[in-house]
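Q: Could you walk me through how to read a protein model, feature by feature? I'd like the general idea each time, then the case at hand.

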Amino acid sequence: SLLQSERARAPARANCARPRTAGLYARSSRPRFSGCSAGGERRAMSELFRGALEALREDATPDDVGAALDQHLRSYDFDREAARRLFRELGSSTPAPLLVSLGACLQQRGLADLGVAKDAIAASRRCSDWGAALEIFDGMLASRVAADCSMFSATMTACEKGSAWANALGLLDKMVSTRVELNWITYNVAVSACDKGAKWVQALRLLGEMTASRVDVNGGLLGSTINTCRTASSWGQACLLLDRERWRLLDGPAPSMPALDSPRTLWRLGANLFPLVLLQRPGILAVLKPANTISERLIEQVGTALSKVGVTCVSRLDEKASGVLVIALGSPGSAATNYVMAQFAGRLAMKTYQCLCSGEMPGALGSKAVLSARLSVEQVNAAVPSQKSQVRVSHAGSQEACTTLVVKAFYHLREDDGTLGGSFTYLEVRPITGRTHQIRVHLASIGKPVVCDYTYSRDAHDSDSVWCPRLFLHCSRVALHDTDGKFCSAKAPLSADLIIALMRLEIYNR
């Protein structure tokens, strides 16, 4: 219907003819989009057909999709490039069955090739439907499309993101049997699939194959393997793996840095004060990140001062949070950086936060709780940079997340007239996983948002900003191993502004 209305609005296009081309579905004369270049015309055709496809019902049959495609083919030049553009532009709300039907129609009409297959699988991944990705993959193989490493990797990624780790590993075995060469991306997806399935034996085997094949093993991939062992309750194997890789990676001395007169030395960078240095150990530097400071910018400052050594970001803190920020001493990809990064990716580095949440947590002082809820990142407002996306708790979320907490104290806010106002709970929090805004989202999901968290709490009170100047979230400790294999920890006491905020409250016991 969209195709017919478009032609009705532009009757003059029917009179525009051009010579027959060599395209598979070229016509001697066809409608033209007035004022469009060849590239613009193709984009307009693709957009028109996309609208026609998305207008179909979710339960549309392959014949319905085929009819829409045939109508488009009769009216316009629709080649493989147009098919690839169509798949790239289809939104995440497109029903997966339509993607499968469209892929089958393209195969029947000889328009399927390796590029079309990759874009179709990528569209399925955006729709969070690994089953559709597998069906398209099998259909493309049946139509004799020669699958390469990237096509396998795209399908494996769709399965891994959908927690179908067994299917992802099955595709890996198929790559080996069909003698398709594996690369770093394929190994990375496979190890991640092992991580989700707690298949630590397979993960160790893949790591050994990568080492034997001289495929670069970076800190993230090593960390995923370590986390697989940890998840499968093989703590001993995880620690042994970390120690073994330390000897393999660090075949030379760890990078040194200029000696500091004191761990609390302040260096000057132009008009700005260098951040407070909390810890200096082989391969590791820990600094105090102030609130309302972006971690990457702070690390750039450190890198400017230590340009001869080089530094790499291996962990981050929320912009509005304060506390310990660990930086790897070494350039990106260096052995020291990979070793430190592996501890964060493998969840062997332990972070401890202090926070104050709104409301009264159940239980007495010292009570412990575990918050385990999957997270997803959803687009909110693309027009406003600060509101482009937010993290949500979602049962269908692709990110597993786990947070432990301990109740440390209960507080009341005493109003100006002497009456008691709202109640608050002081918590010690440890994120087992390291997802963006994990602590804030988990606490907000149980109705106990962090004080002054206006992003994830609809009921955040503006009055809180009167006695608390910012988000009450502070990273007080990070513990990990340096490149000598020795355990160390960096500590940062609660910042002065948060201490003053607590002094305005009244502690009580239940």
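Q: Let's start with a helix. Is α8 mostly covered or not, and how many of its residues are buried?

A: Keep in mind that this is a predicted model. In general, an α-helix has 3.6 residues a turn, so residues three or four places apart point the same way. Here, α8 is mostly covered, with 11 of its 13 residues buried. Among the buried ones are Cys149, Phe152, Met156 and Cys159, and also Ser153, Thr157 and Glu160.

Q: How many ångströms should helix α8 span, and what is the distance between its end C-alpha atoms?

A: The helix covers residues 149–161, and at 1.5 Å a residue its 13 residues should span 18 Å. You count one less than the number of residues, because the expected span is 1.5 Å times that smaller number. The end C-alpha atoms are 18 Å apart, so the two values agree. After α8 comes serine 163, which has a positive phi near 65°.

Q: How many disulfides does a search of the whole structure find?

A: A disulfide is a covalent bond between the sulfur atoms of two cysteines. In this model the search finds 0.

Q: Why does cysteine 468 have no bond to cysteine 452?

A: The sulfur of cysteine 452 is the closest cysteine sulfur to that of cysteine 468, but it sits 4.2 Å away, which is too far for a bond. The cut-off used here is 2.5 Å.

Q: Are cysteine 468 and cysteine 313 buried or exposed?

A: Cysteine 468 has a relative accessible area of 0%, so it is buried. Cysteine 313 is at 22%, so it counts as partly exposed. The line for buried is drawn at under 20%.

Q: Which residues have the most contacts inside the largest nonpolar core?

A: In soluble globular proteins, nonpolar side chains tend to be buried together. The largest core here has 63 residues, and those with the most contacts inside it include Val324, Leu356, Leu427, Trp467 and Phe472. There is also a second, separate core of 59 residues, with Val65, Leu111, Phe137 and Cys149 in it. As for leucine 427, setting aside residues up to four places away in sequence, it touches Tyr353, Met361, Leu405, Val407 and Leu443, among others.

Q: Where is leucine 111 found, and is it buried or exposed?

A: A loop residue can be checked just like any other. Leucine 111 is in the loop between α5 (96–108) and α6 (114–126), and its relative accessible area is 2%, so it is buried. Leucine 111 and arginine 84 are 27 residues apart in sequence, yet 9.9 Å apart in space, C-alpha to C-alpha.

Q: What about serine 394: where is it found, and which residues is it in contact with?

A: Serine 394 is in the loop between β10 (389–393) and β11 (402–414). At a relative accessible area of 19%, serine 394 is buried. Leaving out neighbours within four places in sequence, serine 394 is in contact with Arg374, Leu375 and Ser376.

Q: Which way do strands β3 and β4 run, and how many bridges join them?

A: Look for the bridges, then the turn. Strands β3 (residues 277–281) and β4 (residues 284–289) run antiparallel and are joined by 4 bridges. Glutamine 280, for one, has leucine 285 in β4 as its bridge partner. The hairpin has 2 residues between the strands, and its glycine 283 takes a positive phi near 80°.

Notes:
Residues numbered from 1 in each chain as written. Predicted model: local features only at pLDDT ≥ 70, side-chain atom pairs only at ≥ 80, totals over all residues. Heavy atoms only, no water. Buried < 20%, exposed > 50% of the residue type's maximum accessible area, 1.4 Å probe, protein only. Core = buried A, V, L, I, M, F, W, Y, C linked by side-chain atoms within 4.5 Å. Contact = heavy atoms within 4.5 Å. Pairing = 2+ DSSP bridges.
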